[in-house]
Amino acid sequence: MQTKEIRATSHESRATINILGIETSCDETAAAVVADGRIVKSSIIASQTKLHEKYGGIVPEIASRAHIEKIYPVIAEAITQAGVGKDDIDAIAVANQPGLTVALIVGVTAAKTLAFVWEKPLIAINHLHAHLQSALLEQNSPELPAVALIVSGGHTCLYDYHSPLQPILLGSTIDDAAGEAFDKIASILKLSYPGGPAIERAAKKGSPDAIEFPRSMLGKDSLDFSFSGIKTAVLYYCHGQDMKGENKVDSMSEQQIADIAASFQAAVVDVLVKKTQRAVEKIGAKTVLLGGGVAANVELRTRLQQMCDSTTPAKKLLIAPKQYCTDNAVMVASLAYHKFKAGLFADLTLEPTAYSE
Ligand code: KG4
Ligand code: ZN
């Protein structure tokens, strides 16, 4: 269902605009208070990693229950740590899409309840656009146009960024997200969960040239991504083409595992960097923004920086601070500030939506 937004004239002008942001789209219950879109007064995150780790992925039912358990204490802590009272809060913002509906609904219900009881405006936030915003926390007026690469566990997207309110989608994954591929390969290699940081750690001791895994570029001009091919290639490498061979991972040395991790990481980063370069050329971007959980990956950050430095003229690269790469509510409250200024508010019929509108 399309999110209904009311354009209202701005509320009485205050010196500082404090927004309470709420995030429950996946496996982190988060709340934050951010002033004027940039000053982080508090950021509380209750991670569910421990609950999902034995399943090697997120179990929606478990995620939903954990959000219900944590949402109240997390919001209360965010308000206490920010040192604000309800009268100091100007609006309640919540990520209502995209994500697991059973998880999003917990944050949306909490936000609607607070907005109703406290008589505050409600702001609906797109989680992916919020990830993009986290790259602008330290520098909010980039030279435009900009290309934004958002790489997370559920999404891999390239945007044409002209304004915080309407990033234009240039391309996205047609199958697995980059983070999902990291998680699945870590599981094949019997590394820990979540897979991204585990692959990155293992890759440090391996050679990126040890195995030539496929780099799917799709069409010549395509800005879409596909990571299912590389996932299958690693699976066949470890289990044999017919999948009947013994699982070689158990008998592999630490060095062999490290080589697979490094070669896989190099292939994924190659594709992400080349596609971003294509997007930069297509729209004549002057700036590149990087956000999402996979943006924590040092190899990706380094290679993207090299790409930006090597183009003529060089492009400015803005990366989300590490603590705001993975899911958090600071990015939600930060983006909400721009919607607040534009007078874009949701009403109490707001619902969660699994897909990005
Ligand atoms: O943005 P995020 O917290 O959640 C979603 O919106 O999906 O991203 C989580 C994803 C996971 O797939 C995780 O493995 C990946 O980000 N990730 C990384 C790294 N840290 C987290 N991937 C590669 N390298 C990392 N250092
Ligand atoms: Zn995310």
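**Ligand 1 and the spaces in the protein**

Me: Which element gives the largest share of the shell around ligand 1?
Reply: That is α6, with 4 residues. The model is predicted, by the way. α4 (127-134), α5 (178-188) and α6 (195-203) each supply at least two residues of this shell.

Me: What makes G153 part of the surroundings of ligand 1?
Reply: A residue counts as near ligand 1 if one of its heavy atoms lies within 4 Å of it. In this model 18 residues surround ligand 1, and G153 is listed among the closest, together with D183, G196, E200 and D327.

Me: How do you know that H131 makes a polar contact with ligand 1?
Reply: An N or O atom in the side chain of H131 is 3.1 Å from an oxygen atom of ligand 1. The cut-off for such a pair is 3.5 Å, so this one qualifies as a polar contact.

Me: What part do backbone atoms of G196 and G293 play?
Reply: A polar backbone atom of G196 is 2.9 Å from an oxygen atom of ligand 1. For G293, a backbone N or O atom lies 3.0 Å from an oxygen atom of the ligand. Both values are within 3.5 Å, so both pairs are polar contacts. As for cover, ligand 1 has 550 Å² of accessible area on its own, and the protein covers 91% of that.

Me: Why is G196 put in the polar class of the shell?
Reply: In this grouping Gly belongs with the polar residues, so G196 goes there. By class, the shell has 11 polar, 4 nonpolar and 3 charged residues.

Me: Why do you say that ligand 1 sits in the largest pocket?
Reply: The word "sits" applies if more than half of the ligand's atoms lie within 2 Å of the pocket's grid points. Ligand 1 is placed in the largest pocket on that basis. The volume of this pocket is about 1,000 Å³.

Me: What lines the largest pocket?
Reply: Its lining has 39 residues, and I58, S152, G153, G154 and D183 lie nearest the centre. Here α5 gives the largest share, 6 residues, while α4, α5 and α6 each supply at least two. By class there are 18 polar, 13 nonpolar and 8 charged residues.

Me: What is known about the second largest pocket?
Reply: It has a volume of about 400 Å³. Of its 17 lining residues, E5, H129, L165, K339 and E357 lie nearest the centre. Two or more residues come from each of β5 (91-97), β6 (122-126) and α10 (330-342), with β6 giving the largest share, 3 residues. The lining divides into 7 nonpolar, 7 polar and 3 charged residues.

Me: Why is another space called a cavity and not a pocket?
Reply: The name cavity is used because a 1.4 Å probe fits there but cannot get out, whereas a pocket is open. The structure holds 1 cavity of 30 Å³ or more, and the largest cavity has a volume of about 40 Å³.

Me: What makes R215 the charged residue in the lining of that cavity?
Reply: The lining consists of P214, R215, S216, S226, F227, I230, A267, V268 and V271. Arg counts as charged, so R215 accounts for the 1 charged residue. The other classes there are 6 nonpolar and 2 polar. Helix α8 (residues 254-283) gives the largest share of this lining, 3 residues.

Conventions:
Residues are numbered from 1 along each chain as its sequence is written. Chains are lettered from A and ligands numbered from 1 in the order in which they are written. This is a predicted model: local features need pLDDT of at least 70, side-chain atom pairs count only at pLDDT 80 or more; totals for chains, interfaces and linings use all residues. Side-chain values use heavy atoms; hydrogens and water are left out. A polar contact is a pair of N or O atoms within 3.5 Å; within protein, one must be able to donate a hydrogen and the other to accept it, and residues adjacent in sequence count only if both atoms are side-chain atoms. Accessible areas come from the Shrake-Rupley method with a 1.4 Å probe; for residues, only the protein chains shown count as cover. On a 1 Å grid over the protein atoms alone, a cavity is a set of points where a 1.4 Å probe fits but cannot get out, and a pocket is an open set with protein on both sides within 12 Å along at least five of seven lines; lining residues have an atom within 4 Å of a point. Grid points are joined across faces, edges and corners, and a volume is the space filled by probe spheres set on the points.
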